[in-house]
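Please look over the sequence and the structure shown here before reading the notes beneath.

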Amino acid sequence: MTDTTSSISDLIEISEDGTAFYEEAAQKVKDKKVSTLFARLAKAKSELAAELSGEVKPTPKSKKPAKKPVSSLVELSKVYAGMRKQWPESPVERFTRMAEIEGQFQTTFQKVVLDRDHSFVVRVLAKQYVSKAEVLNKELRACQRNA
């Protein structure tokens, strides 16, 4: 079993955290263009989580301890919560942080696309998300440059 195989459930949870983060961020910012971008990021993550949830098979309860998530996923899961608690005052810092997070998330899903241990459907969903994320991440980086 590969790292990404054992972490799809974690990726779904992180996507849900990202949805909540971007929905809240869309409400906080005053710039309508940025608010719309955040709403689109939230929607993409929400759709991803919902679609992947439909493909993940529940695992039977066993006495084996659950495999710990990949360390990079542990970090990603903490980042959204940290950003929500400490909303950076500086727009440059905020966009830099978001661009880093989304870059890591996109890279993780690129690995899922290439991981043949996943079902074809999971890999296609991951590929679709990566395509959407590329466009949204470019817009996020443009906001970063303009901040």
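The notes below concern one helix and its salt bridges. This is a predicted model, in which local features need pLDDT of at least 70 and side-chain atom pairs count only at pLDDT 80 or more, while totals for chains, interfaces and linings use all residues. Residues are numbered from 1 along each chain as its sequence is written, and side-chain values use heavy atoms, with hydrogens and water left out.

**Helix α2**
- Helix α2 (a DSSP run of H or I, at least four residues, numbered from the N terminus) covers residues 32-55, and its end C-alpha atoms lie 35 Å apart, which agrees with the 34 Å expected for 24 residues at 1.5 Å a residue, the span being 1.5 Å times one less than the number of residues.
- Among the buried residues of α2 are V34, L37, F38, L41 and L48, where buried means under 20% relative accessible area, exposed over 50% and partly exposed in between, with a 1.4 Å probe and protein chains only.

**Salt bridges**
- The structure holds five salt bridges, each a side-chain nitrogen of Lys or Arg within 4 Å of a carboxyl oxygen of Asp or Glu.
- R40 and E139 meet in one of them at 2.8 Å, N to O, and this pair links helix α2 with helix α5 (residues 120-146) across 99 residues.
- R40 is partly exposed at 36%, and E139 is also partly exposed, at 27%.

**A shared network**
- E47 pairs with K43 at 3.8 Å between the closest N and O atoms, and both residues lie in helix α2, four residues apart.
- K132 and E47 form a salt bridge at 3.0 Å, N to O; K132 lies in helix α5 and E47 in helix α2, so the pair ties together parts 85 residues apart in sequence.
- Through shared partners, salt bridges join K43, E47 and K132 into one network.

Technical notes. Helices (H or I, at least four residues) and strands (E, at least two) are DSSP runs, numbered from the N terminus.
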